[in-house]
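Colleague: Please take a close look at a single part of this model, the charged pairs and their surroundings, and state the cut-offs as you go.

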Amino acid sequence: MQGDIQTTRAGLQAVRRKIQIAENGHRLLRLKRDVLILELITIAQRIRRSEQDLGGLLRGARETLSIAKMMEGSLGIVIVSISVEESPEIRAGSRNVMGMQLPVFTANGIRKELSDRGYGLIGTSSVIDEAAEAYEGLTETIVRHAELLAAARILSAEIQRLKRRVNALEFRVIPDLYATRDAIVLRRDEMEREEHSRIFWVKRRKGSFR
């Protein structure tokens, strides 16, 4: 970098401006990195709780389904399942965190009233409704869990990118700029001393001819 900068006052000012810009950028990138790390920690905690919830909901849903199969038979479960006319809808949105767009999944139509499930209330036992409710709750939790996992992946990738940029500024760009500034200052001091020495000898020679 030193070879690209002229040892002039303008060159020195240009390097000082670059130092200021680099240090401001370094501070802002570190702030963004730290905020995203805190967000990732929060999401990681939610993921651990969500995994525990999923395990319990899955076991409960399987148990109610097993009971429903014993009461209604496998064929009865298949008939009930295909009678549902409306399928759930998952919409993907986003939320802003320090300029990052993190996913937000909105689930519509997962939870249904008894009358909206498509099968007749007469001729089916309550265990069918219990199994349906259990799997509806499980599905909602899966959607929320998927949202958290997607956000965690995006945050992890961005944090790694920010770490590389912060390290590049901190350990390479900014030290190089300071080294360039110091080299320019040193060279300008040398040039100033040379100029003073030249003027001194010019005056001395002129005095010797009088």
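Modeller: What follows centres on the salt-bridge network of Lys32, Glu158 and Arg161, and then moves outward to its surroundings.

This is a predicted model, in which local features need pLDDT of at least 70 and side-chain atom pairs count only at pLDDT 80 or more, whereas totals for chains, interfaces and linings use all residues. Residues are numbered from 1 along each chain as its sequence is written, and side-chain values use heavy atoms, with hydrogens and water left out.

As a frame for the detail, the chain has two helices and two strands, which follow one another along the sequence as α-β-β-α. These elements are DSSP runs numbered from the N terminus, with helices being H or I runs of at least four residues and strands being E runs of at least two. Of the 210 residues in the chain, 28% are buried, where buried means under 20% relative accessible area, exposed over 50%, and partly exposed in between, with a 1.4 Å probe and protein chains only.

Side chains of opposite charge can pair when their charged atoms come close. The criterion for a salt bridge here is a side-chain nitrogen of Lys or Arg within 4 Å of a carboxyl oxygen of Asp or Glu, and the structure holds six such pairs. One of them joins Lys32 to Glu158, with 3.7 Å between the closest N and O atoms; because Lys32 lies in helix 1 and Glu158 in helix 2, this pair ties together parts that are 126 residues apart in sequence. Lys32 counts as buried, at 19% relative accessibility, and Glu158 is buried too, with a relative accessible area of 10%. Glu158 also forms a salt bridge with Arg161, whose closest N and O atoms are 2.6 Å apart. Arg161 and Glu158 are three residues apart in helix 2 and therefore separated by about one helical turn, while Arg161 counts as partly exposed at 32% relative accessibility. Through these pairs Lys32, Glu158 and Arg161 are linked in a network.

Another salt bridge brings together the side chains of Arg95 and Glu39, at 2.8 Å from N to O. Since Arg95 belongs to strand 1 (residues 89-97) and Glu39 to helix 1, the pair ties together parts 56 residues apart in sequence; Arg95 itself is partly exposed, at 29% relative accessibility.

Glu158 also leads to the nonpolar side of the picture, for it is among the residues that Leu36 touches. Leaving aside residues up to four places away in sequence, the contacts of Leu36 (heavy atoms within 4.5 Å) are Val97, Met98, Met100, Leu155, Glu158, Ile159 and Leu162. A nonpolar core is a set of buried Ala, Val, Leu, Ile, Met, Phe, Trp, Tyr and Cys residues joined through side-chain atoms within 4.5 Å, and in the largest one, of 22 residues, Leu36 and Ile43 touch the most other members. At least two residues of this core come from each of helix 1 (9-82), strand 2 (100-108) and helix 2 (126-208), and helix 2 gives the largest share, 11 residues. Apart from it lies another core, of six residues, including Ala68, Val80, Val127 and Ala131.

Met98, one of the contacts of Leu36, lies in the turn of a hairpin in which two residues stand between strand 1 and strand 2, and it has a positive phi of about 50°. These strands are antiparallel and pair over nine bridges, where pairing requires that DSSP finds at least two bridges between two strands; Glu89, for instance, has Asn108 in strand 2 as its bridge partner.
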